[in-house]
Amino acid sequence: VRGLCGTYNWNQQDEFTTPAGDVETGVTAFTNKYRASGDCPVLSPFPLKPCDAFAGQREVAEAACTVLHGPAFQ
């Protein structure tokens, strides 16, 4: 996870180092290099519309947000 979590060398130019060792300049290209499997969608440079991309997951997302907004995280 060298690039994913930073390189801890105080050089911000290499923070987006990919598993292949190259450095990406954009967030979208960088995150696509870390896709865990072919089942994960390739991100586009345009903002993701999660309700369109993950239809049927709204209830799961709302339940997770309720926990994050709950007393345990205040």
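**Exercise 1. Describe the order of secondary structure elements along the chain.**

Solution. In this predicted model, the pattern along the sequence reads α-α-α. The chain holds three helices and zero strands. Helix α1 covers 27–33, and helix α3 spans residues 58–68.

**Exercise 2. What share of the residues counts as buried, and what share of the contacts joins residues 24 or more positions apart?**

Solution. Step one: the chain has 74 residues, and 14% of them count as buried. Step two: take the contacts with a separation of 6 or more; 10% of these are between residues 24 or more positions apart. Step three: the accessible surface of the chain is about 6200 Å², and carbon and sulfur atoms supply 62% of that area.

**Exercise 3. Classify the ring pair of F16 and F30 as stacked, tilted or edge-to-face.**

Solution. Begin with the count, which is two aromatic pairs. For F16 and F30, the ring centres are 4.6 Å apart and the planes meet at 15°. Centres within 6.5 Å make a pair, and planes under 30 degrees apart count as stacked; the pair is therefore stacked. Next, place the partners: F16 sits in the segment before α1, F30 in helix α1 itself, and 14 residues separate them, so the pair links distant parts of the chain. Finally, ring pairs join F16, F30 and Y34 into a cluster.

**Exercise 4. Assign F16, F30 and E24 to buried, partly exposed or exposed.**

Solution. The cut-off for buried is under 20% relative accessible area, and for exposed over 50%. F16 has 27%, so F16 is partly exposed. F30 has 6% and is therefore buried. E24 has 18%, so E24 also counts as buried.

**Exercise 5. Which residues does E24 touch, leaving out those up to four places away in sequence?**

Solution. First locate E24: it belongs to the segment before α1. With residues up to four places away set aside, its contacts are F16, T18, A29, F30 and K33. The list includes F16 and F30, the two residues of the stacked pair. With K33 there is also a polar contact between side chains, at 3.0 Å.

**Exercise 6. Which residues make the nonpolar surface patch, and is V67 buried or exposed?**

Solution. V67, L68 and F73 form the patch, with an area of about 330 Å². V67 lies in helix α3. Its relative accessible area is 52%; the cut-off for exposed is over 50%, so V67 is exposed.

Definitions and conventions: Residues are numbered from 1 along each chain as its sequence is written. This is a predicted model: local features need pLDDT of at least 70, side-chain atom pairs count only at pLDDT 80 or more; totals for chains, interfaces and linings use all residues. Side-chain values use heavy atoms; hydrogens and water are left out. Rings of Phe, Tyr and Trp (its six-membered ring) pair if their centres lie within 6.5 Å; planes under 30 degrees apart count as stacked, over 60 as edge-to-face and the rest as tilted. Helices (H or I, at least four residues) and strands (E, at least two) are DSSP runs, numbered from the N terminus. Buried means under 20% relative accessible area, exposed over 50%, partly exposed in between (1.4 Å probe, protein chains only). Patches are made of residues with over 30% relative accessible area and no salt bridge: like charges are joined within 9 Å, nonpolar side chains (Val, Leu, Ile, Met, Phe, Trp, Tyr) within 5 Å. Accessible areas come from the Shrake-Rupley method with a 1.4 Å probe; for residues, only the protein chains shown count as cover. A salt bridge is a side-chain nitrogen of Lys or Arg within 4 Å of a carboxyl oxygen of Asp or Glu. Contact means heavy atoms within 4.5 Å. A polar contact is a pair of N or O atoms within 3.5 Å; within protein, one must be able to donate a hydrogen and the other to accept it, and residues adjacent in sequence count only if both atoms are side-chain atoms.
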